[in-house]
Amino acid sequence: MSYRVVGDWGTSRLRLFRIESGVVTDRCEAPGIGTAGTPPEAVLRETLAQWRAAGDPSAIALCGMVGSRNGWVEVPYVECPADQATWITGAARLALDDIPVAILAGLATKAGVPDVMRGEETQTFGAVALDPRLADGRHRVILPGTHSKWTTIEDGRITGFRTYLTGELFASLRDHSILARAAAGSTVDPGEEDIGFAHGLDRSRSGRVIGALFEARSAQLLEGRSHGWALGYLSGLLIGGEIAEALHDEPPTGRIALVGDPRLTERYRRTFAGYAIAVELVDGDAAALAGLNALETES
């Protein structure tokens, strides 16, 4: 049976989906652009080998860091404001063993603080496809992750966005600081982590995130707090700080959609609830697939 392949190829991992008659029939993962250590074509060829054993796909569509200067081919950014059709026209076209490949463009904004994204625009347009109400009026699509993106949608166009380095800061503090360094053989208690997260959220409301960071360490030394508590505390402090800063810069209008990993978007939902702000959760894979499918409908 004829099939095509779509994928989100970020810095840390490649996620591929096999599509037959509009339905995902299989999926697989491989190393990301930043960790592969071999040419992207070779990684893709090897990852697709099991599917290609029964026949080649009719086409491949990819988004994310595969289109960066450190990826397969650098695809120029499309400048905001951009609607779906304008974004699609920025895709690069090439081939893998005579299989047509499209690598979607990222977006750039120069209004105010210069900013860029690769991959999140696909999920954003996908979220609009999944919920057409986002195409009417002004709304926010927030994509938590290593580099959280707060995207503004106006009548279906991405008019601007802002990046918050929340996930990368958390990983750096967890892995390369004394704040939440794990003792040998230690495990994370989910209940302790949740208590720490709630305390971090509470601390974030003061607006003094930098000054509150060291409590992750001192509370372990003086109050007997656990490693899991400290991890939760840092997560709550940073997520709470991100949301407090973003809401201060631009109070919410319209709908707010949170797109990403369910566990992470639930933490953001919980933080918004503290401000009595309702949000809608959108699965990140579903949004990516809907955005990648736009390439076929617009072609």
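Here are some exercises with worked solutions on the structure above, which is a predicted model.

**Exercise 1: Two sides of a helix**

Find which residues of helix H7 (residues 215–223) are buried, and work out how they are arranged around the helix.

*Solution.*
Step 1. Begin with the cut-off: a residue is buried when its relative accessible area is under 20%. In H7, Glu-215, Ala-216, Ala-219 and Gln-220 are buried.

Step 2. Look down the axis of H7: the buried residues fall within an arc of 135 degrees, so they line one face of the helix. A general rule helps here: an α-helix has 3.6 residues a turn, so residues three or four places apart point the same way.

Step 3. Now turn to the face of H7 that points away from the buried side. Leu-221 and Leu-222 are the exposed residues carried there.

Step 4. Ask what covers the buried residues of H7. The cover includes helix H5 (190–204), helix H6 (209–212) and helix H8 (227–249).

Step 5. Follow the chain just past the end of H7, where Gly-224 has a positive phi of about 70 degrees.

**Exercise 2: The largest pocket**

Describe the largest pocket by its volume, its centre and its lining.

*Solution.*
Step 1. Take the volume: the largest pocket holds about 1400 Å³ of space.

Step 2. Go to the centre. The pocket is lined by 50 residues, and Glu-120, Pro-144, Gly-145, Thr-146 and His-147 are the closest to its centre.

Step 3. Trace the lining back to helices and strands. Those that each supply at least two residues include strand S2 (13–20), helix H3 (120–130), helix H4 (166–176) and helix H10 (284–298). The largest share is that of H4, with six residues.

Step 4. Sort the lining by class, which gives 15 nonpolar, 18 polar and 17 charged residues.

**Exercise 3: The second largest pocket**

Repeat the description for the second largest pocket.

*Solution.*
Step 1. The volume of this pocket is about 290 Å³.

Step 2. It has 15 lining residues, and nearest its centre lie Val-209, Leu-238, Gly-241, Glu-242 and Glu-245.

Step 3. H4, H6 and H8 each give at least two residues to this lining. H8 provides the largest share, five residues.

Step 4. By class, the lining splits into nine nonpolar, four polar and two charged residues.

**Exercise 4: Cysteines without partners**

Explain why Cys-63 and Cys-80 form no disulfide with their closest cysteines.

*Solution.*
Step 1. Recall the cut-off: the two sulfur atoms of a disulfide lie within 2.5 Å.

Step 2. For Cys-63, the closest cysteine sulfur is in Cys-28, 15 Å away, which is too far for a bond. Cys-63 is buried, at 0% relative accessibility.

Step 3. For Cys-80, the closest cysteine sulfur belongs to Cys-63 and is 16 Å away, again too far for a bond. Cys-80 also counts as buried, at 15% relative accessibility.

Step 4. The count of disulfides is zero.

**Exercise 5: Backbone details in loops**

Locate a cis peptide bond and two residues other than glycine with a positive phi.

*Solution.*
Step 1. The bond from Cys-80 to Pro-81 is cis, with omega near 5 degrees. Pro-81 sits in the loop between strand S5 (78–79) and helix H2 (84–89).

Step 2. Asp-97 has a positive phi near 50 degrees. This residue lies in the loop between strand S6 (92–96) and strand S7 (99–103), and is partly exposed at 36%.

Step 3. Ala-276 has a positive phi of about 60 degrees. Its place is the loop between H9 and strand S14 (280–283), and Ala-276 is exposed, with a relative accessible area of 72%.

Notes
Residues are numbered from 1 along each chain as its sequence is written. This is a predicted model: local features need pLDDT of at least 70, side-chain atom pairs count only at pLDDT 80 or more; totals for chains, interfaces and linings use all residues. Side-chain values use heavy atoms; hydrogens and water are left out. Buried means under 20% relative accessible area, exposed over 50%, partly exposed in between (1.4 Å probe, protein chains only). Helices (H or I, at least four residues) and strands (E, at least two) are DSSP runs, numbered from the N terminus. The arc is that of the directions from the helix axis to the C-beta atoms. Contact means heavy atoms within 4.5 Å. On a 1 Å grid over the protein atoms alone, a cavity is a set of points where a 1.4 Å probe fits but cannot get out, and a pocket is an open set with protein on both sides within 12 Å along at least five of seven lines; lining residues have an atom within 4 Å of a point. Grid points are joined across faces, edges and corners, and a volume is the space filled by probe spheres set on the points. Ala, Val, Leu, Ile, Met, Phe, Trp, Tyr, Cys and Pro count as nonpolar, Asp, Glu, Lys and Arg as charged, and the others, Gly among them, as polar.
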